[in-house]
Amino acid sequence: MFSPKPRILIINGVKTPIDPDFRIMCEYSEAVARNDPSGLTGIASRFFFTGALPEGVSEKAAADAMKDFYVAGLAPSGGGKSSAMEAPEPSFDFEEDEAYFFAAFLSEYGIDLNLTKLHWFDFCALFRGLPDECRLKRIISIRSESTSDIRSAAERSRVTGLKRIFALKRKKQQRFNSVAERDKAMIAEVERIHREAREKRGENG
């Protein structure tokens, strides 16, 4: 508890300084969701503090390290009850829900996300710690709720209506049967985006 948060990653045995600010990881999440290779490349140049990779660190190893850092922040701590952060299907979006995140952190913690600099791990811990009654968590809960187990037709209709109102506007992503399946697909997508970015740079000379 209260252990130092990583600001240096060991990649291929090389100490590599990073900028762990939550904004970079939120943008990383959005770039992956948008299949945006050029955006992801720019984010990587900010994440690795010097803007360039140290000698001996390959681009693939750096991409894997950035992905692992992102996943580590969202991972459940202590193996307790799972939350929407670990749900197989997306139930929040950093860009679409920006106003809800801002209001929740300001109301519950007095933190202005426009001004503060938070380590990604701290941001995720505070996100997990938001009370279920706050608007952001209530909306996430609505999106995550399954209607298949609701027996009452009236209640099922009510929940379906709320899910429609608060549905994410982004094109519906593939539904996964488990968190492991979702994470595997995300890793494959990140690797694909980085591969395409490298190939594009090669074509441009």
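**A β-hairpin and a pair of crossing helices**

Asparagine 12 has its place in the loop between S1 and S2. In this predicted model, the phi angle of asparagine 12 is near 55 degrees, a positive value in a residue other than glycine. With a relative accessibility of 52%, asparagine 12 counts as exposed, because the cut-off for that class is over 50%.

The strands on either side of this loop form a hairpin with two residues between them, and the positive phi of asparagine 12 belongs to that hairpin. Strand S1 covers residues 8-11 and strand S2 covers residues 14-17, the two being paired in the antiparallel sense over four bridges. Within this pairing, isoleucine 10 of the hairpin is found opposite lysine 15, a residue of S2.

In the protein chain as a whole, the secondary structure amounts to eight helices and two strands. Read from the N terminus on, the elements follow the order β-β-α-α-α-α-α-α-α-α, so that the hairpin strands precede the helices in the order of elements. The protein chain has 205 residues, of which 37% are buried. Among its contacts with a separation of 6 or more, 67% are accounted for by residues 24 or more positions apart.

Two of the helices are considered here as a pair. Two packed helices are described by the angle between their axes and by the distance between the axes. For helix H1, which comprises residues 22-34, and helix H3, which comprises residues 59-74, the axes come within 11 Å and cross at roughly 105 degrees. Since angles of 65 to 115 degrees are classed in this way, H1 and H3 are therefore roughly perpendicular to each other. On the side of H1 the contact is made by Met25, Tyr28 and Ser29, while H3 contributes Met66, Lys67, Phe69 and Tyr70. By residue class, the contact of H1 with H3 divides into five nonpolar residues, one polar residue and one charged residue.

Helix H3 can also be described on its own, beginning with its length. At 1.5 Å a residue, the 16 residues of H3 should span 22 Å, and the distance of 23 Å between its end C-alpha atoms agrees with this expectation. The buried residues of H3 are Ala61, Ala62, Ala63, Asp64, Ala65, Met66, Lys67, Phe69, Tyr70, Gly73 and Leu74. Met66, Lys67, Phe69 and Tyr70, which H3 brings to the contact with H1, are thus listed among the buried residues of this helix.

How values were computed. Residues are numbered from 1 along each chain as its sequence is written. This is a predicted model: local features need pLDDT of at least 70, side-chain atom pairs count only at pLDDT 80 or more; totals for chains, interfaces and linings use all residues. Side-chain values use heavy atoms; hydrogens and water are left out. Two strands pair if DSSP finds at least two bridges between them. Axes are lines fitted to C-alpha atoms, for helices over the stretch in contact, and angles run from 0 to 180 degrees between N-to-C directions. Angles under 35 degrees count as roughly parallel, over 145 as roughly antiparallel, 65 to 115 as roughly perpendicular and the rest as oblique. Contact means heavy atoms within 4.5 Å. Ala, Val, Leu, Ile, Met, Phe, Trp, Tyr, Cys and Pro count as nonpolar, Asp, Glu, Lys and Arg as charged, and the others, Gly among them, as polar. The expected span of a helix is 1.5 Å times one less than its number of residues. Buried means under 20% relative accessible area, exposed over 50%, partly exposed in between (1.4 Å probe, protein chains only).
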